[in-house]
Structures are given as structure tokens and as C-alpha cells.
Amino acid sequence: MRKVVLITGASSGVGLALCKRLPEREDALHLCLACRNMRKAEAARAALLASHPTAEVSTVQVDVSNLQSVLRASTELKRRFQRLDYMYLNAGIMPNPQLNVKALFSGLFSRKVIHMFSTAEGLLTQEDQVTADGLQEVFETNVFGHFILIQELEPLLCHSDSPSLLIWTSSRNARKSNFNLEDFQHSKGQEPYSSSKYAIDLLSVALNRNFNQRGLYSSVVCPGTMLTNLTYGVMPPFIWTLMMPVIWLLRFFANAFTLTPYNGTEALVWLFHQKPESLNPLTKYLSATTGFGSNYVVAQKMDLDEDTAEKFYQNLLELEKHVRATMRKQSQS
């Protein structure tokens with residue numbers, strides 16, 4: 001029986017690279033590409049089938065920044081599948097990233113230069129906006145839309161006979177200092193991306209606490225610093241080209257510069273081959289690359305506590321009740 005793997009954001013970047021790598025290591029898979037843009041999703045499906053003719057690949061339309069889309073996709077997935085073995089919660093956005101040039105040049109001549117480039121700490125701010133659901137866009141896309149997807153697909157994920165694994169794409173940029181439990185949507189700050197990634201870390205810990213006994217496990221990964229559409233939004237491609245000699249040099253001192261989506265999937269592929277029960281719920285698994293281009297995985301303890309994780313989880317449950325009640329009223333009016 002083929003294992004079913006659902007991947008959000010599967011038409012580009014890390015998601016697409018993961019779709020290409022998994023069939024190379026495992027034949028008996030059914031890959032389900034959950035994407036917002038169905039034209040790109042079908043193109044990715046065709047390319048995967050061309051390179052892996054024996055693979056089973058399907059697509060489903062879902063926009064995790066739109067709860068109606070999440071609910072429709074959930075209904076369709078429950079119609080198609082009896083269980084989901086792996087769920088890669090990878091879709092995410094960093095809207096309108098603005099580079100803090102002053103911080104960049106200040107960091108270039110400090111001892112924190114490697115840390116700065118590895119984590120982008122202090123370098124990026126973003127302009128967030130409110131979605132049609134009345135939520136902050138980065139929070140809904142990166143965190144809450146996926147949370148509702150998990151809630152809806154609980155019957156496919158929780159099985160006593162064999163566990164299912166959630167794998168979140170987090171970041172080294174997930175900073176405790178950018179997250180506030182009183183403003184967990186980060187409506188008042190300028191670093192919603194970092195806040196959302198820290199929220200992912202908290203949610204993963206809380207999900208393990210509440211669902212492990214029911215056969216559902218959760219882990220978080222960081223794919224490292226890559227050149228993708230997201231990073232090209234920070235600076236034009238020609239600037240990245242000019243910086244490449246410096247980045248290649250930094251790879252000998254820091255392992256975070258994976259540079260390509262293929263390298264960035266190292267931790268995601270590694271987790272696929274682990275027993276969920278053996279994974280530490282307080283650990284983030286990092287894709288790493290040596291100066292000579294060899295890929296490996298690093299385990300890092302997350303900077304959080306379980307009480308805060310549980311409080312955040314309860315806040316999400318309350319928000320879910322409020323949002324669902326609002327949606328019911330709108331449908332009745």
C-alpha cells in the first residue's frame with residue numbers, strides 16, 4: 001500500500017524540490033501537491049510523472065490564506081484518501097520584504113556577520129495586510145490556514161495502527177523576541193515572518209503534547225538560506241550574483257547556506273525516513289551544507305517553553321471558534 005504524502009506549496013521552491021527527491025528514495029508513494037495555482041501544480045505533476053513514470057501524483061487546489069479554500073480542499077482530500085502518512089506544511093509568504101541597509105553594512109563589519117547572514121536577524125522587515133477572513137495575512141498563510149487544515153484532516157491523520165507525521169517548514173529566523181502571545185498575529189510589529197515561524201515552532205510542540213497518544217507527531221525544519229523567489233524579493237538577482245563570492249566564502253564558516261532548494265530539502269527528506277516516535281518534539285532539524293557542498297542535518301534545541309506553546313495552542317482554538325462562528329453567520333445572511 002502506497003504511503004500518502006501531502007505537500008503544501010509544492011509547485012516551486014522547497015516544496016517542488018521535495019517532490020522531486022522523495023520518489024528517488026521511495027517508490028511506493030502517492031504525492032499530493034496542494035497548491036494555490038493549479039496551472040503551476042499541473043505543470044509540476046507532469047514533470048514529476050515524466051521523470052518518475054511509476055509514481056502516483058495528484059493535485060488539489062488550496063490557498064492557505066483563505067479559509068473557505070482550506071475547507072473545500074479538506075472535503076476533497078477526505079473524499080479521496082482514507083489516511084495521510086506525511087503532511088509537509090511548507091506553503092508560506094514573506095510579503096514586501098524590506099532590507100535594512102544600515103543594519104546590513106553595520107553587521108558586515110562586526111563579529112555577528114556570519115550569524116546575521118545565517119538567520120537574517122535584524123535585516124528584514126515586512127508590510128503585512130489583512131485578509132478577507134479578517135486575519136493578518138502572514139499569520140493566516142504561514143500558521144493558521146495550516147492549523148485549520150490539520151483540524152479538518154484529523155480523521156486522516158490520527159490512527160492507532162501506525163503514526164502520521166506533520167513536518168513544518170520553519171526557519172532559523174524564528175525569533176522569540178519577535179513573538180508576543182498577546183499579539184500572536186503580529187499586527188503591531190514589522191517582522192511578521194519571524195513571528196509566524198516562531199509560532200510554528202510553538203504549535204508543533206503543542207500538537208505533540210496533545211496528539212502523540214493518538215498517533216500524530218509533529219516536527220519542524222529549517223531549509224537554510226536559499227536563492228528562491230522569496231529571497232529574490234529581498235534584493236534583485238544581480239545583487240545576489242555580486243554577493244555570491246562572499247556567500248561561498250561564508251559557507252566554510254557557517255552551515256546555513258544551502259543555497260539551492262535541493263540542498264534545502266535535506267532535513268525534510270531525512271525526517272521522512274525517521275520513526276516519528278523517536279524524534280524530539282523540542283528539536284528543530286536544520287538542513288546544512290559544508291563549504292564543499294556536502295549536505296547533512298543538524299539538530300538544534302528550540303528556544304521555547306511548553307507552557308507558552310500550550311497557551312498559544314489554546315489561543316488558536318479560541319480563534320478557530322470565533323472564525324468558524326463568523327463564517328456560519330456570513331453563510332446564513
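1. In this predicted model, Leu31 of strand β2 has Val57 as its bridge partner in strand β3. The pairing of β2 with β3 (residues 56-61) comprises six bridges, and the two strands run parallel. Between them in the chain lies helix α2 (residues 38-51); β2, α2 and β3 form a β-α-β unit that is right-handed.

2. Strand β2 is also paired with strand β1 (residues 3-8), again in the parallel sense and over six bridges. Within this pairing, Thr8 is matched with Ala34 of β2. The connection from β1 to β2 passes through helix α1 (residues 13-25), and this β-α-β crossover is right-handed.

3. The burial of β2 (residues 29-35) deserves a remark: seven of its seven residues are buried. Leu29, Leu31, Leu33 and Cys35 are directed to one side of the strand, whereas His30, Cys32 and Ala34 are directed to the other, and all are buried.

4. A separate point concerns helices α6 (residues 137-152) and α13 (residues 306-332), which pack with their axes 11 Å apart and at an angle of about 80 degrees. This angle falls in the range of 65 to 115 degrees, and the two helices are therefore roughly perpendicular to each other.

5. On the α6 side, the contact is made by Phe139, Val143, Phe144, Phe147, Ile148, Gln151 and Glu152. The α13 side contributes Phe312, Tyr313, Leu316, Leu317, Leu319, Glu320, Val323 and Arg324. By character, the residues of this contact comprise eleven nonpolar, one polar and three charged.

Notes
Residues numbered from 1 in each chain as written. Predicted model: local features only at pLDDT ≥ 70, side-chain atom pairs only at ≥ 80, totals over all residues. Heavy atoms only, no water. Buried < 20%, exposed > 50% of the residue type's maximum accessible area, 1.4 Å probe, protein only. Helix = DSSP H or I, 4+ residues; strand = E, 2+ residues; numbered from the N terminus. Pairing = 2+ DSSP bridges. Right-handed = clockwise from strand over helix to strand, strands pointing away. Axes fitted to C-alpha atoms, helices over the stretch in contact; angles between N-to-C directions. Parallel < 35°, antiparallel > 145°, perpendicular 65-115°, else oblique. Contact = heavy atoms within 4.5 Å. Nonpolar A, V, L, I, M, F, W, Y, C, P; charged D, E, K, R; others polar.
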